[in-house]
Amino acid sequence: MDFLLKIEESGICQWVRESDSLFAFPGILLLHTLGMGLVVGINAMVDFRILGFAPAVRIQSLQRFFPIMWVGFWINAITGTILLAVNATKMTANPDFYVKLVFIALAVINVRMLKKHVLSSDFDDKRPLPMNAKVLAITSLLFWLGAIISGRLLAYVGRSSGV
Amino acid sequence: MNSGYLHLVLNHFPTLGFSIGLVFFAMALLVKKEELERAGLVIFFLTAAVTIMTYVSGSDAQQALKETPGFSEGLMKAHESAALVAFAFMEMTGFFSWIGLWVWGRRSRFAGWNRGVVLALSLITFVLMARAAYFGGAIRHPETEAAATIPVDPSVPTLARSWGLFVQDTSWVWPACETLHFVGLCLLFGVVMTVNLRMLGVGKTLFSFAALYQLVPLGMLGFTLNLVTGMMFFVATPEQYTGFLFFLKMALVVAGALNLLYFMLWKTPSQIEQGDDAPIVSKLVAASAILIWVGVVFCGHMLPWLGNSF
């Protein structure tokens with residue numbers, strides 16, 4: 001715990017937490033929100049396409065947006081690490097935080113499986129997709145939903161992240 | 001000028017603007033002119049967007065009028081509730097008008113069921129909006145007979161206030177709405193990014209505009225989710241959502257609606273095939289769409305730091 005406290009009380013973490021600058025806590029949290037929009041938004045487009053929306057869009061083509069999705073993911077990995085560091089002791093003591101991490105891990109594994117089994121294979125778009133593809137699309141949506149719910153609840157459960 | 005005065009300017013859109021839309025739409029059905037019908041739907045959709053600004057600027061107007069002599073708190077609350085009901089129907093009219101326009105964009109014809117729904121909703125909205133406007137007018141002119149005809153019983157909580165109390169007193173409602181507000185944000189963001197980045201050139205060899213256009217209703221679903229959850233916050237604590245930043249957010253939403261209409265009404269984007277580079281105007285509109293919606297997220301996110309909310 002001493003180690004976590006040291007991080008939390010370091011100069012940069014104090015600045016992020018306590019500065020009135022918009023580039024401190026508010027700005028980092030804003031980036032975290034925008035990153036979420038990119039990751040979950042683009043992933044959700046893929047999921048809904050697999051579930052039958054927008055049939056004119058070729059499923060495999062949606063991979064073109066994956067680099068942008070991963071940009072969002074890395075923005076959130078970085079800003080998330082900062083947000084964890086500035087509240088290290090409270091966050092690591094909050095079970096909800098681990099629930100969120102598990103959901104994100106599941107969602108990432110899920111999107112890799114989608115890429116491997118649905119987006120890269122030579123499915124004929126004109127034929128109905130196999131059931132497995134649709135199951136993966138639904139679990140993907142559920143995992144991200146879980147991540148959003150547990151993430152939002154961090155502000156309520158254990159009162160660890162402030163806003 | 002504060003947004004209290006803005007309310008007095010903006011309140012003409014839901015009444016006058018909507019009436020014009022209704023005339024267009026009714027005439028279109030009588031003479032069976034599809035262009036006229038489209039115009040009616042566009043006016044309904046835009047009026048619904050501007051009415052968001054009208055509704056939320058009411059909170060500022062209330063703050064501004066509170067100190068004036070003869071101000072009736074009861075009358076204000078009656079107006080707020082009448083406006084809330086009218087607003088709900090206005091947004092439903094706007095939603096189904098948009099669906100009509102979207103279907104037209106795909107098939108160049110209207111769906112019959114949608115026409116009926118829009119007609120019914122717009123007539124109900126017209127009556128409710130006239131009532132809300134009548135109540136609102138009475139606030140400014142408490143000496144007139146109009147004010148006396150409106151039944152005001154301060155001991156009975158109005159619809160808007162009891163809704164507000166429900167949101168405040170039920171512990172799970174606020175966090176649940178916040179969570180759904182994020183879900184809606186993701187849906188909207190996913191559509192805004194994919195469609196507009198394609199216009200800017202990402203994946204232009206892979207997607208035609210018409211294909212990605214099919215995704216747009218998912219964005220509208222996300223927006224609707226956020227309008228509903230956003231109203232839960234607003235009705236519960238209207239005094240939080242006053243001032244410049246929140247008004248800017250709502251103005252950007254209206255800008256977003258206008259921006260979307262470019263892609264739905266103009267012929268240029270619909271002719272962009274797989275492999276085509278979008279013309280410069282489409283690119284500019286697409287870039288502004290991304291800026292507008294990032295701006296909306298920025299304004300909403302910064303409310304606790306730069307605005308009046310907690």
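**A nonpolar patch on a helical chain**

On the surface of this predicted model, Ile138(A), Leu142(A), Leu145(A) and Ile149(A) form a nonpolar patch whose accessible area together is about 320 Å². A patch of this kind joins nonpolar side chains (Val, Leu, Ile, Met, Phe, Trp, Tyr) within 5 Å, taking residues with over 30% relative accessible area and no salt bridge, where a salt bridge is a side-chain nitrogen of Lys or Arg within 4 Å of a carboxyl oxygen of Asp or Glu. Accessible areas come from the Shrake-Rupley method with a 1.4 Å probe, and for residues only the protein chains shown count as cover. Residues are numbered from 1 along each chain as its sequence is written, and chains are lettered from A in the order in which they are written. Local features need pLDDT of at least 70, side-chain atom pairs count only at pLDDT 80 or more, totals for chains use all residues, and side-chain values use heavy atoms, with hydrogens and water left out.

One member of the patch, Ile149(A), lies in helix H7, which covers residues 131-153 of chain A. With a relative accessible area of 34%, Ile149(A) is partly exposed, a term for values between buried (under 20%) and exposed (over 50%).

Chain A as a whole contains seven helices and zero strands, helices being DSSP runs of H or I with at least four residues and strands runs of E with at least two. The C-alpha trace of chain A spans about 60 × 30 × 25 Å along its principal axes, and of the 163 residues in the chain, 47% are buried. The accessible surface of chain A is about 8300 Å², with 70% of that belonging to carbon and sulfur atoms.

Note on methods: Patch = residues over 30% accessible without salt bridge, like charges linked within 9 Å, V, L, I, M, F, W, Y side chains within 5 Å. Buried < 20%, exposed > 50% of the residue type's maximum accessible area, 1.4 Å probe, protein only.
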